[in-house]
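Subject: Structure handover

Hello,

Here is the structure I promised to pass on. My notes on it follow below.

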Amino acid sequence: HVEGKDVAFPVNSIVFHPLYGTFATGGCDGFVNIWDGNNKKRLHQYPKYPTSVSALAFNASGTMLVVAASYTFEQGDKTCFLLNIERSGSISVLAAATSALFLWDIGVHPVASGHALLAVI
């Protein structure tokens, strides 16, 4: 809601939980939401990311939700970062670029239990 006007943001990613009837959405507003589709209710909203949420993925058991926050050029050129996020919570920058790096998709390796593995296409 901005100055008396409703503002709609695009949803960039929808991912379904592998075991339950829930799903997660992420979009240009920087929020990740968990939804119960059967009851048409939002179950949880994570704190806002500093930029757009470009991709989401659950691991095979549904115990981890990986979030890729990547600038999606809705405001022109800016610097983008590719991050390695470890289960321990440590984050390292793998790459940075202006207008040349965009995270289109993200995945979690079914065997690697300690890292969120990112794919740049």
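Lys40 is exposed, because its relative accessible area is 75%, and the cut-off for exposed is over 50%. Lys40 sits in the loop that links E3 to strand E4 (41–45). Look at its backbone: phi is positive, about 55°, although Lys40 is not a glycine. Most residues other than glycine have a negative phi. Please keep in mind that this is a predicted model.

The overall build

The protein contains ten strands and zero helices. Along the sequence the pattern reads β-β-β-β-β-β-β-β-β-β. Of the 121 residues, 32% are buried. Among contacts with a separation of 6 or more, 34% are between residues 24 or more positions apart. The accessible surface comes to about 7700 Å². Carbon and sulfur atoms account for 57% of that surface.

The core

Which residues make up the largest nonpolar core? There are eight: Val15, Ala24, Val32, Ile34, Val53, Leu56, Phe58 and Val67. Strand E3 (32–36) and strand E5 (53–58) each supply at least two of these residues. E5 gives the most, with three. As a rule, nonpolar side chains in soluble globular proteins tend to be buried together.

Val53 is one of the eight core residues. Setting aside neighbours within four places in sequence, Val53 is in contact with Asn12, Gly26, Gly27, Gly30, Phe31, Val32, Val67, Ala68 and Ala69. Of these partners, Val32 and Val67 also belong to the core.

Strand E1: one residue in, one residue out

Ser13 lies in strand E1 (residues 11–16). Is Ser13 buried or exposed? Ser13 counts as buried, because its relative accessibility is 9% and the cut-off is under 20%. A polar atom of the Ser13 side chain lies 3.1 Å from the backbone nitrogen of Leu56. Leu56 itself is part of the core. Beyond its neighbours within four places in sequence, Ser13 is in contact with Ala24, Thr25, Gly26, Ser54, Ala55 and Leu56.

Phe16 lies in E1 as well. Phe16 is exposed, because its relative accessible area is 58%. Together with Val11 and Ile14, Phe16 makes a nonpolar surface patch of about 330 Å².

Thr25 and Trp35

Thr25 belongs to strand E2 (residues 22–27). Thr25 counts as buried, because its relative accessibility is 10%. Which side chain does the Thr25 side chain meet in a polar contact? That of Trp35, at 2.9 Å. Neighbours within four places in sequence aside, Thr25 is in contact with Val11, Ser13, Ile14, Phe31, Val32, Asn33, Trp35 and Leu56. Ser13 is therefore a contact of Thr25 under the 4.5 Å cut-off for heavy atoms.

Trp35 is found in E3. Trp35 counts as partly exposed, because its relative accessibility is 27%. Its C-alpha is 5.4 Å from that of Phe23, twelve residues away in sequence. Not counting neighbours within four places in sequence, Trp35 is in contact with Thr22, Phe23, Thr25, Lys41, Arg42 and Leu43.

The loop between E4 and E5

Two residues of this loop are worth a look. Thr51 is found there. Thr51 is partly exposed, because its relative accessible area is 22%. Thr51 and Gly30 are 21 residues apart along the chain, yet their C-alpha atoms are separated by 5.4 Å.

Tyr49 is found in this loop too. Tyr49 counts as partly exposed, because its relative accessibility is 27%. Tyr49 touches Gly30, Val32, Val67 and Ala69, leaving out residues up to four places away in sequence. From Tyr49 to Val32 the C-alpha distance is 8.4 Å, with their positions 17 residues apart in sequence. Val32 and Val67 are both core residues.

Best wishes

Technical notes: Residues are numbered from 1 along each chain as its sequence is written. This is a predicted model: local features need pLDDT of at least 70, side-chain atom pairs count only at pLDDT 80 or more; totals for chains, interfaces and linings use all residues. Side-chain values use heavy atoms; hydrogens and water are left out. A nonpolar core is a set of buried Ala, Val, Leu, Ile, Met, Phe, Trp, Tyr and Cys residues joined through side-chain atoms within 4.5 Å. Buried means under 20% relative accessible area, exposed over 50%, partly exposed in between (1.4 Å probe, protein chains only). Helices (H or I, at least four residues) and strands (E, at least two) are DSSP runs, numbered from the N terminus. Accessible areas come from the Shrake-Rupley method with a 1.4 Å probe; for residues, only the protein chains shown count as cover. A polar contact is a pair of N or O atoms within 3.5 Å; within protein, one must be able to donate a hydrogen and the other to accept it, and residues adjacent in sequence count only if both atoms are side-chain atoms. Patches are made of residues with over 30% relative accessible area and no salt bridge: like charges are joined within 9 Å, nonpolar side chains (Val, Leu, Ile, Met, Phe, Trp, Tyr) within 5 Å. A salt bridge is a side-chain nitrogen of Lys or Arg within 4 Å of a carboxyl oxygen of Asp or Glu.
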